[in-house]
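Here's a quick tour of a protein model, starting with its pockets and ending with the sheet behind them. Have a look at the coordinates first.

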Amino acid sequence: MKDKIAQTFRKLFAREPIVAFAPGRINLIGEHTDYQEGLVFPAAVKQGIWVAIQKNELPSCRLYSEDFKEEFVFDINSFSPKKGHWANYTMGVVSQLQQAGYKLEGFDLVFGGNIPASGLSSSAALSVAIGTALTELFKLTITKKSIVLYAQKAEHLFAGVKCGIMDPYASAFGVKDRALLLDCRSNTHFEVEVDFGDHSLILINSKVKHNLADSAYNKRREACEASVKILQATYPDATTLRDIPVKDLDKVEQILSAELYPKAKHVITEIDRVNLASNALHAGDLAAFGNLMKASHRSLSIDFEVSCPELDFLAEQSWKLPGVIGSRMMGGGFGGCTINLVSNEQLENFQSVMYSSYKQAFKIEADFIPVALSEGAGILE
Ligand code: GLA
């Protein structure tokens, strides 16, 4: 893929580019907790986005998407978001850098990727790859963490999704064979060596992507913020749901409305599950880890209401199959993938049974995507 992107760049712009790469991410557990300063447990994967870039001595930026076979040009000193357009991620990151005081000049850019499904955060991978590429191109002094924050802000302001920090963080900081136990309050992480022994992680791509996902995502975030405001009467020091102890759930239920409570409950219990899951992994207790995956799915589906019939089917059917340690929807929800931990011995059977039963139930041919925990973003030689 790297060669292809670089080659397209040479063909279009007749110069030698710098090439940056940023991966997509999976998440072992900890969904919809990042924007409440909770804990998450993501990892970078092999698949990602490549960006080829070079200065062009012009006042404009010329972009080309290899995947869409489409170009887009904007003036480096005057641009604004374009609803639903892939160029928003580049413009968003450029705008963040400019606001931070970095002086950028015109550049040419080609990008493309091999992220095989929605829900692996190709948008964060793209923003992080662009941030990494621009840092190298203009020799900017920027920490990795700032690139992550600019990528997140770019998504808020240019794509309209009020996402948390998990996706760009995992894309930037990923390490081979490790997951990141990330604290979204301090924005710091521990690397946790992950060895599932004779078990493997495999995603099932539901191939559904519900249209309202972005607005529903923002609504869930607002519901959490509304709960915090109400809870502050009882917990004056609380700034996010992170501050509400899981042992106080009964009390929280008395305070919040029937509509808000389940959403708050999901976040509070999910943060607890991340802690428990990391302990379970540390102790090598895969069964406990698998049960937490299942509990996470139930909570996301029933309490937080971000699943859909397809994802529920994939998770629930998986739980019944031999060799399946755990299965749950992954990421923001309303489509995308489930993440499954399955014994190598049963992996083939798992795929063939799930493929047929899903096809029968929804007339959709699911894809199966094996994932390996991999390195984060960087400049390629
Ligand atoms: C999306 C967002 C993340 C996170 C997940 C849910 O991927 O971009 O910030 O909130 O959903 O865990």
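The largest pocket takes up about 1,300 Å³ in what is, keep in mind, a predicted model. It has 50 lining residues, with Y89, S122, S123, E155 and K209 lying nearest its centre. Elements giving two or more residues to that lining are α2 (88–99), β6, α3, α4 (144–159), α5, α6 (213–231) and β11 (335–343). The largest share comes from α3, with four residues.

So where does this pocket sit? Both domain 1 (2–193 + 375–380) and domain 2 (199–371) give residues to the lining, so the pocket lies between them.

The second largest pocket is lined by D177, V194, F196, H199, S200, L201, I202, L347, P370, V371, A372 and L373. Here strand β9 (residues 199–209) gives the largest share, four residues.

Here are the two pockets, volume and lining classes:

| Pocket | Volume | Nonpolar | Polar | Charged |
|---|---|---|---|---|
| Largest | about 1,300 Å³ | 20 residues | 20 residues | ten residues |
| Second largest | about 180 Å³ | nine residues | two residues | one residue |

Now for the sheet. It's an open, mixed one of six strands, ordered β5-β4-β6-β3-β1-β13. At the edges are β5 (70–75) and β13 (378–380), each pairing on one side only. On average, neighbouring strands are turned by 25° against each other, direction ignored. Within the sheet, β1 (residues 18–27) and β3 (residues 42–55) pair antiparallel over nine bridges; A22 has I49 in β3 as its bridge partner.

Two of the pocket-lining helices also lie across strands of this sheet. Helix α3 (residues 122–137) lies across β1, β3, β6 (107–113) and β13, at about 45° to β3. Helix α5 (residues 166–173) lies across β1 and β3, running at about 125° to β1.

How values were computed
Residues are numbered from 1 along each chain as its sequence is written. This is a predicted model: local features need pLDDT of at least 70, side-chain atom pairs count only at pLDDT 80 or more; totals for chains, interfaces and linings use all residues. Side-chain values use heavy atoms; hydrogens and water are left out. Two strands pair if DSSP finds at least two bridges between them. Axes are lines fitted to C-alpha atoms, for helices over the stretch in contact, and angles run from 0 to 180 degrees between N-to-C directions. Contact means heavy atoms within 4.5 Å. On a 1 Å grid over the protein atoms alone, a cavity is a set of points where a 1.4 Å probe fits but cannot get out, and a pocket is an open set with protein on both sides within 12 Å along at least five of seven lines; lining residues have an atom within 4 Å of a point. Grid points are joined across faces, edges and corners, and a volume is the space filled by probe spheres set on the points. Ala, Val, Leu, Ile, Met, Phe, Trp, Tyr, Cys and Pro count as nonpolar, Asp, Glu, Lys and Arg as charged, and the others, Gly among them, as polar. Domain bounds come from an automatic or database domain assignment.
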